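Q: Here is a structure that is new to me. Please take one part of it and walk me through its surroundings.

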Amino acid sequence: GLTNLPGKTLIPAVEIIIVIIRWFLIGIAEEGLFRGVIQELFMDIFGSNSRKGVILSIVSAATVFGLSHFQNLLAGAQLPFVLIQVASAIASGLILGAIAYRSGRSILPAMLIHSLIDAASFTYSGMLWGASDVDSVNSLDLRSIIMIPVFVGIFIFGR
């Protein structure tokens with residue numbers, strides 16, 4: 001279990017609850033902004049009645065979402081790791097955008113999936129043992145990019 005890892009001590013229960021709530025709030029806020037507002041703005045610009053317009057809208061919103069992660073440089077994350085995060089965020093943004101569009105333009109499924117992705121990612125990076133956001137980004141490695149072609153492939157070939 002989580003409590004029996006050698007050399008690891010879980011943060012106090014109250015902090016764990018706060019971290020978990022934060023993960024869900026991040027998913028809710030980011031999906032509200034990037035799929036609920038920005039993707040919909042691109043739908044207005046490119047059109048939501050054509051396949052091309054929908055694809056351009058999702059790709060554009062995913063790109064803005066990914067690029068927004070460059071802000072982690074300001075917090076002290078290192079560039080190589082931020083580049084991995086940006087690429088991963090663009091790829092996951094494609095899937096989240098497609099999910100939002102395919103669910104009748106509802107962002108609720110994307111919010112839940114985003115929150116679960118963050119929970120898994122931040123748990124893996126050690127936040128339940130006291131790692132900071134910057135530590136989390138700086139713990140990314142090339143294994144982290146394995147999902148990029150998977151997500152992009154699903155976006156391109158998924159129907």
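Where is R105 found?

A: R105 sits in the loop between α4 and α5. The model is predicted. Let us look at the residue, then at the helices on either side, then at what lies around them.

Start with the backbone. Most residues other than glycine have a negative phi. R105 is not a glycine, yet its phi is positive, near 65°. G104 has a positive phi too, near 70°, and it follows α4.

Is R105 buried or exposed? The answer lies in between: at a relative accessibility of 35%, R105 counts as partly exposed, because that class covers values from 20% to 50%.

Now the side chain. R105 forms a salt bridge with E40, and the closest N and O atoms are 2.5 Å apart. E40 belongs to helix α1, while R105 is in the loop between α4 and α5, so the pair ties together parts that are 65 residues apart in sequence. E40 is partly exposed as well, with a relative accessible area of 22%.

Next, the helix before the loop. Helix α4 covers residues 79-102, which makes 24 residues. At 1.5 Å a residue, α4 should span 34 Å. Its end C-alpha atoms are 34 Å apart, so expectation and model agree.

After the loop comes α5, residues 108-125. This helix has 18 residues and should span 26 Å at 1.5 Å a residue. Its end C-alpha atoms are 26 Å apart, which agrees.

Which residues of α5 are buried? They are A110, M111, H114, S115, D118, A119, F122 and S125. The numbering has a rhythm. An α-helix has 3.6 residues a turn, so residues three or four places apart point the same way. The buried residues of α5 pack against α1, α2, α4 and α6.

Stay with α5 and go to S125. S125 is in this helix, and it is buried, because its relative accessible area of 14% is under the 20% limit. A polar atom of its side chain lies 3.0 Å from the backbone oxygen of F122. Leaving out residues up to four places away in sequence, S125 touches A131, S136 and S139. After α5 comes G126, which has a positive phi near 100°.

One partner of α5 is α2, residues 51-68. α2 has 18 residues. From first C-alpha to last it reaches 26 Å, close to the 26 Å expected at 1.5 Å a residue. Its buried residues are G53, V54, S57, I58, S60, A61, A62, F65 and G66. What covers them includes α1, α4, α5 and α7, the last being residues 147-157.

Back to α1, residues 13-46, the helix that holds E40. It shares a patch with α5. I17, I20, I21, F24, L25, I28, L112 and L116 form a nonpolar patch on the surface. Together they have about 700 Å² of accessible area. α1 and α5 are the elements that give two or more residues to this patch. The largest share, 6 residues, comes from α1. Take I21, one of the patch residues, which lies in helix α1. At 46% relative accessibility, I21 counts as partly exposed.

How many salt bridges does the structure hold? There are 4, and the E40 and R105 pair is one of them. Another joins the side chains of R22 and D133, at 2.4 Å from N to O. R22 lies in helix α1 and D133 in helix α6, so this pair ties together parts that are 111 residues apart in sequence. R22 is partly exposed, at a relative accessible area of 30%. D133 is partly exposed at 36%.

A further salt bridge brings together the side chains of R143 and D141, at 2.7 Å from N to O. R143 counts as exposed, at 60% relative accessibility. D141 is partly exposed, with a relative accessible area of 27%.

To gather the picture around the starting point: R105 is in the loop between α4 and α5. Its phi is positive. Its salt bridge partner is E40, a residue of helix α1. The buried residues of α5, in turn, pack against helices that include α1 and α4.

Definitions and conventions
Residues are numbered from 1 along each chain as its sequence is written. This is a predicted model: local features need pLDDT of at least 70, side-chain atom pairs count only at pLDDT 80 or more; totals for chains, interfaces and linings use all residues. Side-chain values use heavy atoms; hydrogens and water are left out. Patches are made of residues with over 30% relative accessible area and no salt bridge: like charges are joined within 9 Å, nonpolar side chains (Val, Leu, Ile, Met, Phe, Trp, Tyr) within 5 Å. Accessible areas come from the Shrake-Rupley method with a 1.4 Å probe; for residues, only the protein chains shown count as cover. Helices (H or I, at least four residues) and strands (E, at least two) are DSSP runs, numbered from the N terminus. Buried means under 20% relative accessible area, exposed over 50%, partly exposed in between (1.4 Å probe, protein chains only). The expected span of a helix is 1.5 Å times one less than its number of residues. A polar contact is a pair of N or O atoms within 3.5 Å; within protein, one must be able to donate a hydrogen and the other to accept it, and residues adjacent in sequence count only if both atoms are side-chain atoms. Contact means heavy atoms within 4.5 Å.
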